[in-house]
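These are my notebook entries on a structure that I am reading for the first time. I record what I looked up, topic by topic.

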Amino acid sequence: MSTLSARIPLLGAVCADSHRGKLGVTTGFLSLLILSLFTVRSPTSALASEASIHPITLQDILSLREITEQHISPDGRTVAFAVKDADLAANDYNSSLYAVPTAGDAPPKLLLRAKSFSNLRWTPRGDAITYLSGAGKVSRVWKILREGGEPATLFTHPESINQFEWSPDGDSLVLVSVEPVQEVVAVFFVSVNG
C-alpha cells in the first residue's frame, strides 16, 4: 500500500520514542522521514514508472515540496510540520501547516495555507501552534488551535518580530526584534495572559 496513512504508524513510533528520549532522532532525520511520506511509492508504481523514464525538467523540480519545519507536541501525540511548494501561476512559493497524530492511521490535517510563515512553536500546554507571519516587513506572532480553525494574532508589537520562544509555564514569550532606527537587537519579555 503506498498511501500516506500506511506510513503514519512508523512516524508515530519514531516520534513517540524521540519525545521520550529513547531515540537520538535529529531534525534532519525527522524531515527526511516526513518527506518520504509524501514521495515514497509502492514497488508496483516504481515498475510502472520505469517504462516512462525521462530527464528531470524544471517542472519536476518545482513540483517537489519541501518540509521546512517540524515539531512534536508537548504530549508527544501530534507532529506539526510546514511544507513549502511552488505556485507556478503566481511565480512564488506558498507554505502549508499540517498536523498529524503520531499514533494510528489518520492522515495529516491541513491547518493553514499562507504566503509564508516561520518559527513554528507549540504552546507549552500543547493546545495550539504559534508561528511568525505578516504582511510587508512587519511579522507578528499568530496562533492556530491544534484542531484547526481561524488563526488569530497573539499580540501586537510595533516592530517586526524575528524570533520568539515560549516560557516553560506558557504565560509569556521572549521576542527578538530588530529596531530599524537604532539598528540594535532588542529582546522583550511579553506576558500573554492579560
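**Entry 1: strand 2 and its partners.** I began at Ala 82, which stands opposite Leu 97 in strand 3. The model is a predicted one: local features need pLDDT of at least 70, side-chain atom pairs count only at pLDDT 80 or more, and totals for chains, interfaces and linings use all residues. Residues are numbered from 1 along each chain as its sequence is written, and side-chain values use heavy atoms, with hydrogens and water left out.

I noted that helices (H or I, at least four residues) and strands (E, at least two) are DSSP runs, numbered from the N terminus. Two strands count as paired if DSSP finds at least two bridges between them. Strand 2 and strand 3 (residues 92-101) are joined by 10 bridges in the antiparallel sense. Their hairpin has 4 residues between the strands, and Asn 91 in the turn shows a positive phi of about 55 degrees.

I then turned to the other pairing of Ala 82, whose bridge partner is also Glu 69. Strand 1 (residues 66-72) runs antiparallel to strand 2, with 6 bridges between them. This hairpin has 5 residues between its strands, and Gly 76 in the turn has a positive phi of about 75 degrees.

Is strand 2 enclosed or open? For burial I used relative accessible area: buried is under 20%, exposed is over 50%, and partly exposed lies in between (1.4 Å probe, protein chains only). Strand 2 (residues 78-87) has 7 of its 10 residues buried, so it is largely enclosed by the rest of the structure.

**Entry 2: salt bridges.** Side chains of opposite charge can pair when their charged atoms come close. The rule I applied asks for a side-chain nitrogen of Lys or Arg within 4 Å of a carboxyl oxygen of Asp or Glu. By this rule I found 5 salt bridges.

Which residues are linked with Asp 75 in a network of salt bridges? They are Arg 77 and Arg 146. Asp 75 meets Arg 77 at 3.3 Å, N to O, and Arg 146 at 3.1 Å, N to O. The pair of Asp 75 and Arg 146 links distant parts of the chain, 71 residues apart: Asp 75 is in the loop between strand 1 and strand 2, and Arg 146 is in the loop between strand 7 and strand 8 (152-155). I looked up the accessibility of each member: Asp 75 is partly exposed at 36%, Arg 77 is exposed at 55%, and Arg 146 is buried at 15%.

A further salt bridge returned me to strand 2: Asp 85 pairs with Arg 113, the closest N and O atoms being 3.4 Å apart. Arg 113 lies in strand 4 (residues 109-114) and Asp 85 in strand 2, so the pair ties together parts that are 28 residues apart in sequence. Asp 85 is buried, at 15% relative accessibility, whereas Arg 113 is partly exposed at 44%.

**Entry 3: strands 5 and 6.** Strand 5 (residues 118-122) is mostly covered, with 4 of its 5 residues buried. Strand 5 pairs with strand 6 (residues 128-133) in the antiparallel sense over 3 bridges, and Ser 118 stands opposite Leu 132 in strand 6. Their hairpin has 5 residues between the strands, and Gly 126 takes a positive phi near 80 degrees there.

What does Thr 123, in the loop between strand 5 and strand 6, have around it? Taking contact as heavy atoms within 4.5 Å, and leaving aside neighbours within four places in sequence, I listed Pro 74, Ala 128, Thr 130 and Trp 166. Thr 123 counts as buried, at 5% relative accessibility.

**Entry 4: confidence and overall make-up.** I checked pLDDT, the predictor's confidence in each residue, from 0 to 100. The protein chain averages 74, and 65% of the residues score at least 70. Among the elements, strand 5 has the highest mean pLDDT (91) and helix 1 (residues 8-19) the lowest (45). Over residues 1-25 the pLDDT is below 50, and this stretch has 50 contacts in the model beyond near neighbours in sequence.

I recorded 4 helices and 11 strands in the protein chain. Of its 194 residues, 35% count as buried.
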